[in-house]
Amino acid sequence: MASNDSETLSEKPETPFHDLDHYLAIPKVSGLALSPDGRRLVTTVATLNAKGTEYGTALWELDPEGQKHARRITRSAKGEAGAVFAASGDLYFSSARPDPETPEADPVNALWMLPADGGEARVVLTRAGGVSGLLAAKDTGALFVNASVLAGSTDEDNDEERRKARKDNKVAAILHSGYPVRYWDADLGPAQPRLFAVEPGEEQEPGKPATVDAAAPLKLRNLTPDAGSGLRDADAVVSPDGKTIYSSFDKPLARADSRSMLVAIDVATGTRKVLLDTEGMSYFPGPVSPDNRTLVVLSETDTTPEAAPQVKLHLLDVSGGAPAAETALTPLAHDWDRWARPAAWLRDGSAVLATADEDGASPVFRISVTGDGGAGQVARLTADAAAYTDVVVAPDGRTAYALRSSYEFPAEAVRIDLASGDVVRLPAPAERPHYKGSLERIETTAADGTRVPAYLALPEGATAGNPAPLLLWIHGGPLGSWNAWTWRWNPWLLVARGYAVLLPDPALSTGYGQHHIQRGWGEWGKAPFTDLMAITDAVVQRPDIDETRTAAMGGSFGGYMANWVAGHTDRFKAIVTHASLWALDQFGPTTDAAQYWLREMTAEMALENSPHLHVENISTPMLVIHGDKDYRVPIGEGLRLWYELLSKSQLAADENGATEHRFLYFPDENHWILQPQHAKVWYGVVEHFLARNLLDKDLPVPAELGL
């Protein structure tokens, strides 16, 4: 997807989506932190380096009032992330950039502080294993970090010694005694996560002359030395008074299964108490009320082959000790048929703000806790068809801030009036990228009478006299929705090349109620497939769509469905399948979360819904894409799919080894293609494959492939 042949290097493309180099250079905004006084708003911005090979991150300050331009407040080659404000107004973040005080030391991800009253950032804490997640109490100076410790270490000094020994001796081996052993693209162990309190240390040379900004180094106090692997992938929140941390905590079960308990960690003593532990249920902490007395709890039921998960919100009174029974929970909005993500309390404790997928959007909702309307009353605050994340509430209680995106623009910071729901875009670090085309919300009705909604992105000039070729894009998850901007699967790149892109939400999609999810549960090849075919049938009836030139594309579960489509219809001219499930009997025990997957289908159901059993029916050219570091859908799926396409499909390799199928393999990418130079290759190969099979054009593959 390079520049048009008529363009020179000095010419600006029509839009950033007409040139991949320009597209990849669009700045990416993530995360939001608000100072205690509500006067400073900080976000993280990722920008492409000069070589186009990686993204660097920096912190930017935004004006909550929307009057001043955004300004960059950090700058380094290693980048900065994870910003949180302490109660003092000091801004803490993590970065692996070298410490100017000790430039000879090996850089690690250290804790940095930018003073509230200005000046340069400085390292306040460093350790051999680095630090990651930061937590700050809103009302006190309490600060906490998540950091990894080698399982056998006795203290910080011993941990550093053990790490050095492994590094010096080039030992990478890990001895496991439990499950899981890897996650996403990372090998688990021998390090395990721990929660630490950040506390003042002692002066190294008391009384020695120094400048007025000299301060004693900070030190860490391990709050969870006996946590084992319980905090892996845990969610944690801290009470406003800084006295308690609430966290999910993994509980191992028989037969390599597990579930998540809810625990309370007393900061003063490090004592850990189990608050909630119920068979068949996992618990995760939401925000703590401003008076420290009430915790929002999110529960998720274990799946079974017959039942999809149920996700609910609750309130838990944590003011009088440690309840240890599910009966201590107060249901919150259990009649609301959506999967809410709790975000923040209102300052007066009267309501909780949450987001939830809702019919092609993910709005902000207010859920009442007290008041005339009664607890659990849900009101939608934001009316636009956008997705909101990172919601924070201003000290005045009248305003909230969030990041907002949709298929019309990437994430941007906004101010929300909590009384009216009015949303105002704040001056941003970068302008919205302009695209050419249009976006429509469409729908059809499935055979069982269920509504099947979708977005349709159309190129300019698509008419009855010039109908556009159609790409059916199938989302992953499968528990998700096409409702927010995506950098990895961006429809405007293909729209810029003249394709129409269909983004449907079939059975299993979120935002349409529990029934819409349950319709496809354990039967992936039934309702999800027929829903996709129904919405495609409806769209190709449009005069501005060319029914004779269509393709299907998907990643992860979307890739699974692309494989299923390939074996059950020949209506498409090409199919692109990325990081896809192929043989479900093989996938189940080899994914990084087999304990979750194997609860979802019986062995018989997995075989009934497995695409690999239909390979002999495949007569459509397929582009298979897979990364070797993909632990969620292991590379074995892609390797087996590729071999069986070439040996068993109707387009099997001929006597000369030739085939219409293609395999794009990334040795160092995971479930997603994250490196910008590889994203460029990904889109270039996809465009080549689509043009060859839909447009009868032989576009060159990216030169970087060396072919």
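Modeller: A helix here is a DSSP run of H or I with at least four residues and a strand is a run of E with at least two, both numbered from the N terminus, and in these terms proline 190 has its place in the loop between strand E12 (186–187) and E13. The model is predicted: local features need pLDDT of at least 70, side-chain atom pairs count only at pLDDT 80 or more, and totals for chains, interfaces and linings use all residues. Residues are numbered from 1 along each chain as its sequence is written, and side-chain values use heavy atoms, with hydrogens and water left out.

Biologist: What is said of the peptide bond between glycine 189 and proline 190?

Modeller: The bond joining glycine 189 and proline 190 is cis, with omega about -5 degrees. The bond from tyrosine 179 to proline 180 is also cis, and its omega is near 5 degrees; proline 180 lies in the loop between H2 and strand E11 (182–183).

Biologist: Why is the protein called as compact as a globular protein of that length?

Modeller: The protein has eleven helices and 38 strands. Its radius of gyration, taken over C-alpha atoms, is 26 Å, and the globule rule, 2.2 Å times the number of residues to the power 0.38, gives 27 Å for 707 residues; the two values are close, so the protein is as compact as a globular protein of that length. Along its principal axes the C-alpha trace spans about 80 × 60 × 55 Å.

Biologist: Why does leucine 315 count as buried?

Modeller: Buried means under 20% relative accessible area, exposed over 50% and partly exposed in between, with a 1.4 Å probe and protein chains only; leucine 315 has 9%, so it counts as buried. Leucine 315 lies in strand E21 (residues 311–317). Leaving aside residues up to four places away in sequence, leucine 315 is in contact (heavy atoms within 4.5 Å) with residues including Leu295, Val296, Leu329, Trp345 and Val369.

Biologist: Why do aspartate 233 and arginine 255 count as exposed?

Modeller: The cut-off for exposed is passed by aspartate 233, whose relative accessibility is 59%, and by arginine 255, at 84%. Aspartate 233 sits in the loop between E14 and strand E15 (236–238), while arginine 255 belongs to the loop between strand E16 (244–252) and strand E17 (258–266). Phi is near 60 degrees in aspartate 233 and near 60 degrees in arginine 255, a positive value in a residue other than glycine in each case.

Biologist: What makes strand E33 mostly covered?

Modeller: In E33 (residues 468–474), seven of its seven residues are buried.

Biologist: How do you know that E33 pairs with E34?

Modeller: Two strands pair if DSSP finds at least two bridges between them, and E33 and strand E34 (residues 500–504) have three, in the parallel sense, so the condition is met. Within that pairing, leucine 471 stands opposite valine 501. On the same test, seven bridges join E33 to strand E35 (residues 545–555), again parallel, and leucine 470 has threonine 550 of E35 as its bridge partner.

Biologist: Which strands are called edge strands in the sheet E9-E10-E13-E14?

Modeller: That open sheet has four strands and antiparallel pairing, and its edge strands are E9 (134–136) and E14 (218–222), because each pairs on one side only. Its twist averages 40 degrees from one strand to the next, with axes being lines fitted to C-alpha atoms, for helices over the stretch in contact, and angles running from 0 to 180 degrees between N-to-C directions. Helix H2 (residues 156–168) packs on this sheet and touches strand E10 (143–150), E13 and E14, its direction making about 45 degrees with that of E10.

Biologist: Why are H5 and H6 called roughly perpendicular?

Modeller: The axes of H5 (residues 527–540) and H6 (residues 557–568) come within 11 Å and cross at roughly 75 degrees. Angles under 35 degrees count as roughly parallel, over 145 as roughly antiparallel, 65 to 115 as roughly perpendicular and the rest as oblique, so H5 and H6 are roughly perpendicular. In their contact, Pro528, Phe529, Leu532 and Met533 of H5 meet Phe557, Met561, Trp564, Val565 and His568 of H6. These residues divide into eight nonpolar, one polar and no charged, where Ala, Val, Leu, Ile, Met, Phe, Trp, Tyr, Cys and Pro count as nonpolar, Asp, Glu, Lys and Arg as charged, and the others, Gly among them, as polar.
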